[in-house]
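Here's a quick briefing to read with the model open beside you. It starts with the overall fold, then drops in on a few spots worth a click.

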Amino acid sequence: MQDAISLIDDFTQKHPDIDVQFVSLPENEARAKITASVASGGGEFDVVMISNYETPLWAPNGWLTDLEPYIAKTDGYAPDDFVPTIKDALTVDGSMYSVPFYGESAFLVYRQDLFDEAGLTMPEHPSWDDVRDFASTLHDPDAGMSGIALRGLAGWGENLAPMSTVINTFGGCWFDMDWAPQLSSPEVHDAVSMYVDTLRSYGQPGAATSGFGECLTRFSQGNAAMWFDASSMVSGVENPDSSTVVGKTGYALGPTLETPYAGWLYSWALAIPETSQKKDAAWEFIAWMTHPDYFQLVGNEVGWEALPPGSRLSTYEIPEYAELSKNYAKPTLDSMENSTQENSMTVEVPYDGLQNVVIPEFQDLGTRVGQQFSAAIAGQKSVDEALKQSQGFAESVARTYGWEG
């Protein structure tokens, strides 16, 4: 987004009659403000950045504008070039109601140089047992090196993103097919206990308040041997202007236990609230920022390593980017292609989502549960206490879906 803001002169030169004003906020704050505005029909935004969590919930409510008519009349827009799983996730009843700025799954980045020095080999499909063994070997806090970096910051889009995928691959889930909450199950207990213990034993200092940005800084400044997180990390990890580990990294698929894959599927996407009075201008901006031509602009003006990843298949065919991304293009696309419940979960569930539960109540539920898990990471309460409280939160939600207890 910072790159898009820096390139806005390109848009305004082509559209001198359109004034663009950005409101840029941290992730948790942005979610809350955008949700409140769109749900209430506030109308202060003509374009909002949402995701494949909000899109299928908000479109049926009539809160978002159907973008298909705009897509159809935009030369060279190529909607079929979008990564298929991402496009499907942003489509409701055959129409796209948001379009991806970038997409992501999750994978593991690691310091190839440190692995080579220690005589370690990262499998293409590592298990969590593998990762813990590697973290134990490479953890050296006296030298400022943590064995692994993981999110601990509370938030349904922060610590619960990786932690939910761990729950999935351990055989757990949020709710069973009868909407009975499962956060007190042995599988969830094992998953959360492993995650918390891994962070407390081999993780970064201040893990309980570390979100995506803090973990990116930790890894890119050479202070973590591994990091499991969003595949969009590559724009920062591989940026020579801000990262000290360029050329020292390797990539693997997300760690698993009982499933063949353990990533998530997510897209930061642009949509037009139905309340906008400037929909044509709003689409012109969205089209500029998500058009294939934008990737050439970013590459030429900012750097090829800064291309928004995971939204368009053609991105990985651009020669300059193909060369830069040769270490991470395959795990990125493999993870995104296989980020399905069939590949990443062991049980059938009544909800959509991998790193979240696509129900309106999850924003509040996920925030509450994320706070409990963060407290366990900080050592303020036990995993048992955190899960007992979380189970209670989930039970209150489950009753609205017909669970009687």
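Helices here are DSSP runs of H or I with at least four residues, strands are E runs of at least two, and both are numbered from the N terminus. On that count, the protein has 19 helices and 8 strands. Keep in mind that this is a predicted model.

**Overall shape and surface**

- The radius of gyration is 21 Å, which agrees with the value near 22 Å for a compact globule of 405 residues.
- Along the principal axes, the C-alpha atoms fit in a box of roughly 55 × 55 × 30 Å.
- Buried residues make up 58% of the 405.
- Take the contacts between residues at least 6 apart in sequence: 72% of them link residues at least 24 apart.
- About 16,400 Å² of surface is exposed, with carbon and sulfur atoms supplying 46% of it.
- On the charge side, there are 20 positive and 58 negative charges, and the mean positions of the two sets sit 5 Å apart.

**Helix 9, wrapped up**

- Helix 9 covers residues 160–169, and because 10 of its 10 residues are buried, the rest of the structure largely encloses it.
- Among those buried residues are Leu160, Met163, Val166 and Ile167, but also the likes of Ser164, Thr165, Asn168 and Thr169.
- In an α-helix, residues three or four places apart point the same way, because there are 3.6 residues a turn.
- The cover over the buried residues of helix 9 includes helix 8 (128–138), helix 10 (186–202) and helix 17 (341–344), along with helix 18 (362–377) and strand 6 (226–230).
- After helix 9 comes Gly171, with a positive phi near 95 degrees.

**The loop between helix 4 and helix 5**

- Thr65 sits in this loop, with helix 4 (54–58) on one side and helix 5 (68–72) on the other.
- Thr65 has a relative accessibility of 5%, so it counts as buried.
- The side chains of Thr65 and Glu274 make a polar contact of 3.1 Å.
- Beyond its neighbours within four places in sequence, Thr65 touches Tyr70, Tyr97, Ile272, Pro273, Glu274 and Lys279.
- Asp66 belongs to the loop between helix 4 and helix 5 as well, but it is partly exposed, at 26% relative accessible area.
- The Asp66 side chain has a polar contact of 3.2 Å with the side chain of Ser95, and it also reaches the backbone nitrogen of Glu68 at 2.9 Å.
- Setting aside neighbours within four places in sequence, the contacts of Asp66 are Ser95, Met96 and Tyr97.
- For a sense of scale, Asp66 and Ile8 are 58 residues apart in sequence, and their C-alpha atoms are 25 Å apart.

**Two buried spots**

- Met289 is part of helix 13 (residues 279–290) and is buried, with 1% relative accessible area.
- Met289 and Phe101 are 188 residues apart along the chain, yet their C-alpha atoms are separated by 7.0 Å.
- Outside the four places either side in sequence, Met289 is in contact with Met1, Ala4, Met49, Phe101, Leu270 and Tyr294.
- Asp229 lies in strand 6 and is buried too, with a relative accessible area of 0%.
- What does the side chain of Asp229 pair with in a polar contact? The partner is the side chain of Arg151, at 2.6 Å.
- Apart from neighbours within four places in sequence, Asp229 is in contact with Ser105, Ala106, Phe107, Arg151, Phe212 and Trp264.

**Positive phi outside glycine**

- Asp93 isn't a glycine, but its phi is positive, at about 50 degrees.
- Look for Asp93 in the loop between strand 2 (91–92) and strand 3 (95–96), where it is exposed at 79% relative accessible area.
- Trp179 is another residue other than glycine with a positive phi, this one near 65 degrees.
- Trp179 is in the loop between helix 9 and helix 10. Is it buried or exposed? Trp179 is buried, with a relative accessible area of 11%, which is under the 20% cut-off.

Note on methods. Residues numbered from 1 in each chain as written. Predicted model: local features only at pLDDT ≥ 70, side-chain atom pairs only at ≥ 80, totals over all residues. Heavy atoms only, no water. Buried < 20%, exposed > 50% of the residue type's maximum accessible area, 1.4 Å probe, protein only. Polar contact = N/O pair within 3.5 Å; in protein donor to acceptor, adjacent residues only side chain to side chain. Contact = heavy atoms within 4.5 Å. Rg over C-alpha atoms; globule rule 2.2 N^0.38 Å. Areas by Shrake-Rupley, 256 points an atom, 1.4 Å probe, with all protein chains shown as cover. Lys, Arg positive; Asp, Glu negative; His and termini not counted. Charge placed at Lys NZ, Arg CZ, Asp CG, Glu CD.
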